[in-house]
Amino acid sequence: TGSGYGGPGSGPTPTPPIPAGIYYVNGGTSPNKVPALSSAPIASGSQPSPLPGSPFSTNTENGSAGAPFGIALAKGGTVLYVVNDNAASVSAFPVNADGTLNAPLAPALTGGVGPSGVCVDPLSQFAAVANSGNSSVESFTIGANGTLTQASNTTNGGPNSPQACAFSADSKYLYVTNGAGAGGVSGYSV
């Protein structure tokens, strides 16, 4: 027998169904926009449909058209963070119950060069931004309304052109993927 994409068998394994829900994409356009899509129509054989008002503008210049920069949800899905690469900032959108986005809060400057990834700890108390341009990671506290405030600790010199990040399930550790051919993952205590 032949080998399919999903393992042994006579053909490729079918793609699992996409669950109905709301999905956000960092457009990486200039100015940066965030398309918001509902996957509910897929169940009936249609294409995903944009939510009313989509795409939503971050009101910042990005300049890196087409790049899939970081995006993360926080506070039980009520705040969406979007990285704006060339503006070296993160926009925070309040999320409505129907998944549409309100106007973004004032963007938080990352203090780094070339931010590429953003992540939020499971308790939505902290956020981190991976800056691939100067190999640093910026940390932020998350306010009650989702506003980001830069924390005093910045990691420089550890990661090599970090691309993405993730917190551990207990919020005690931050993991950062290294880019620029270095590969691997760097880990930090929070």
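Y175 has a relative accessibility of 38% and so counts as partly exposed. The residue belongs to strand 17, and the strands around it are a convenient place to enter this predicted model.

Strand 17 has two faces. L174, V176 and N178 make up the covered one, while Y173, Y175 and T177 lie on the uncovered one. Two residues of the uncovered face recur at the surface: Y173 and Y175 join V185 in a nonpolar patch with about 300 Å² of accessible area together. V185 comes from strand 18, residues 185–189, where the side chains also alternate. There S186 and Y188 point to one face and are buried, whereas V185, G187 and S189 point to the other and are not.

The pairing of these two strands connects the two patterns. Strand 17, residues 173–178, runs antiparallel to strand 18, and five bridges join them. Y173 stands opposite S189, and L174 stands opposite Y188. The first of these pairs takes Y173 from the uncovered face of strand 17 and S189 from the face of strand 18 that is not buried. The second takes L174 from the covered face and Y188 from the buried one.

Strand 17 also pairs with strand 16, residues 162–167, in the antiparallel sense over four bridges. Here L174 is the bridge partner of F167. L174 therefore has a bridge partner in strand 16 and stands opposite a residue of strand 18. Strand 16 and strand 17 form a hairpin with five residues between them, and S171 in the turn has a positive phi of about 65°.

Further back in the chain, strands 12, 13 and 14 show two more hairpins. Strand 12 and strand 13 run antiparallel and are joined by five bridges, with P115 opposite N131. Five residues separate the strands of this hairpin, and S124 takes a positive phi near 55°. Strand 13 continues to strand 14, residues 136–142, through six bridges, again antiparallel. In this pairing V129 stands opposite E138. The hairpin of strand 13 and strand 14 has four residues between the strands, and S135 takes a positive phi near 50°. Strand 13 itself, residues 126–131, is mostly covered: five of its six residues are buried.

Which residues does G112 touch, leaving aside those up to four places away in sequence? They are A88, N131, N134, S136 and E138. G112 lies in the loop between strand 11 and strand 12, and with a relative accessible area of 9% it is buried, because the cut-off is under 20%. Two of the residues it touches, N131 and E138, also appear in the pairings above, N131 opposite P115 and E138 opposite V129. A third, S136, lies 24 residues from G112 along the chain, with 6.7 Å between their C-alpha atoms.

Two open sheets can be followed earlier in the chain. One has four strands in the order 8-9-10-11, with antiparallel pairing. Strand 8 and strand 11 stand at its edges with a single partner strand each, so one side of each has no neighbour in the sheet. Within the sheet, six bridges join strand 9, residues 79–84, to strand 10, residues 89–94. One of the bridge pairs is L80 with F93.

The other open sheet has three strands in the order 3-5-6, and its pairing is antiparallel. Strand 3 and strand 6 are the edge strands; each has a single partner strand, so one side of each is left without a neighbour in the sheet. Two bridges join strand 5, residues 36–38, to strand 6, and L37 has P50 as its bridge partner.

For the chain as a whole, the secondary structure consists of 18 strands and zero helices. Of its 190 residues, 42% count as buried. The accessible surface comes to about 9,300 Å², and carbon and sulfur atoms contribute 57% of that. Among contacts with a separation of 6 or more, 40% are between residues 24 or more positions apart.

Confidence varies along the chain. The average pLDDT is 81, and 77% of the residues score at least 70. Strand 8 has the highest mean, 94, and strand 1, residues 3–4, the lowest, 32. Over residues 1–9 the pLDDT is below 50, although this stretch has 14 contacts in the model beyond near neighbours in sequence. Where pLDDT is low, predicted coordinates should not be read in detail.

Key: Residues are numbered from 1 along each chain as its sequence is written. This is a predicted model: local features need pLDDT of at least 70, side-chain atom pairs count only at pLDDT 80 or more; totals for chains, interfaces and linings use all residues. Side-chain values use heavy atoms; hydrogens and water are left out. Buried means under 20% relative accessible area, exposed over 50%, partly exposed in between (1.4 Å probe, protein chains only). Two strands pair if DSSP finds at least two bridges between them. Patches are made of residues with over 30% relative accessible area and no salt bridge: like charges are joined within 9 Å, nonpolar side chains (Val, Leu, Ile, Met, Phe, Trp, Tyr) within 5 Å. Accessible areas come from the Shrake-Rupley method with a 1.4 Å probe; for residues, only the protein chains shown count as cover. A salt bridge is a side-chain nitrogen of Lys or Arg within 4 Å of a carboxyl oxygen of Asp or Glu. pLDDT is the predictor's confidence in each residue, from 0 to 100. Contact means heavy atoms within 4.5 Å.
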